[in-house]
Amino acid sequence: MLYYYLDGIVSVPEPGIAVVDCGGVGYACRVTGYTQAQLKSGQRQRLYTTCSFRDDGVDIYGFATREERSCFQRLINVSGVGPKAALAILSTTTPDRFTLAVVTGDEKALTAAPGVGKKLAQRILLELKDTLSGELQAAGGAVDSVTIPPSGGKAAEASAALAVLGYSQSEIGAALRGVDVEALSVEDIIRQALRAMVAQ
């Protein structure tokens, strides 16, 4: 990693590009639509960065949050996914929704990005589910019968995915108590739980 972050005055000269002026040096960063929407030209801001080395130079990619940068790095580690496709995917969603799409196998959320077809989306889901499995298992291991209803595998998988999104075990437990986990898919369980937490 060449730079961890750039902190300076930001300008947005064209779509997909942000320039960060650090001590009189302007660093051009490629950014997602999600990040660009949060930038304000002329204001001091921080972009978390990662670099891609090419034969003819170096590309810097800037992100408004560490979470989005992490999503980008995971995507470009998937075979067949380059920086352009990763930026396209993260321009159509937020980091939380991207994570949710991966853990629930939501192929349509990925194919909504320009240039991402069904086969590539399936490869991303397959490879990133494996990457996230350790985190999901760790989160699921923290779930106990006091906070999460003893409803079987689907409830545990849904609660693990919600934990990855940053919800506490008490929030997850309260939300899942009102969900018919036996009649729903894991994806629908998560959606209903999220709606319940938003309504609280």
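## Around Leu125

Leave aside the neighbours within four places in sequence, and Leu125 is in contact with Ala101, Val102, Gly105, Asp106, Glu107 and Leu110. Leu125 itself has its place in helix 6, which covers residues 118-141. This is a predicted model, by the way. Take Val102 from that contact list: Leu125 and Val102 are 23 residues apart in sequence, yet their C-alpha atoms are 5.5 Å apart in space.

Is Leu125 buried or exposed? With a relative accessible area of 8%, Leu125 counts as buried, because the cut-off for buried is under 20%.

## Leu110, a partner of Leu125

Leu110 turns up among the contacts of Leu125, so let's look at it from the other side. Leu110 is found in helix 5, residues 107-111, and its relative accessibility is 1%, so it counts as buried.

Which residues does Leu110 touch, beyond those within four places in sequence? They are Ile89, Phe98, Val116, Ala121, Ile124 and, once again, Leu125. For Phe98, 12 residues away along the chain, the C-alpha separation from Leu110 is 8.1 Å.

## The barrel

Now for the strands. Five of them close into a barrel, in the order 1-2-3-5-4, and the pairing is mixed. From one strand to the next, the twist averages 55°. Helix 2 (residues 66-76) packs on the sheet, where it touches strand 4 (44-54) and strand 5. The direction of helix 2 makes about 15° with that of strand 4.

One pairing to pick out is strand 3 (residues 25-30) with strand 5 (residues 57-63): the two run parallel and are joined by two bridges. Cys29 has Ile60 in strand 5 as its bridge partner.

## Asp59 in strand 5

Strand 5 also holds Asp59. Here is a charged residue, going by its side chain, and Asp59 is buried, with a relative accessible area of 11%. Not counting residues up to four places away in sequence, Asp59 touches Arg30, Thr50, Cys51, Ser52 and Arg54.

## The largest pocket

How much space lies in the largest pocket? About 300 Å³. Its lining is made of 14 residues, and those nearest the centre are Asp96, Arg97, Leu100, Leu165 and Leu194. Sorted by type, the lining has eight nonpolar residues, one polar and five charged. Helix 4 (95-104) and helix 9 (186-199) each supply at least two of the lining residues.

Asp96, one of the residues nearest the pocket centre, also gives us a distance to Gly166: 8.9 Å between C-alpha atoms, with their positions 70 residues apart along the chain. Gly166 is found in the loop between helix 7 (153-164) and helix 8 (169-176). In contrast to the buried residues above, Gly166 is exposed, because its relative accessible area of 58% is over the 50% cut-off.

## The whole chain

Stepping back, the protein has nine helices and five strands. Reading from the N terminus, the elements run β-β-β-α-β-β-α-α-α-α-α-α-α-α.

Of the 200 residues in the protein, 42% are buried. As for contacts with a separation of 6 or more, 54% of them are between residues 24 or more positions apart.

How values were computed:
Residues are numbered from 1 along each chain as its sequence is written. This is a predicted model: local features need pLDDT of at least 70, side-chain atom pairs count only at pLDDT 80 or more; totals for chains, interfaces and linings use all residues. Side-chain values use heavy atoms; hydrogens and water are left out. On a 1 Å grid over the protein atoms alone, a cavity is a set of points where a 1.4 Å probe fits but cannot get out, and a pocket is an open set with protein on both sides within 12 Å along at least five of seven lines; lining residues have an atom within 4 Å of a point. Grid points are joined across faces, edges and corners, and a volume is the space filled by probe spheres set on the points. Helices (H or I, at least four residues) and strands (E, at least two) are DSSP runs, numbered from the N terminus. Buried means under 20% relative accessible area, exposed over 50%, partly exposed in between (1.4 Å probe, protein chains only). Contact means heavy atoms within 4.5 Å. Two strands pair if DSSP finds at least two bridges between them. Axes are lines fitted to C-alpha atoms, for helices over the stretch in contact, and angles run from 0 to 180 degrees between N-to-C directions.
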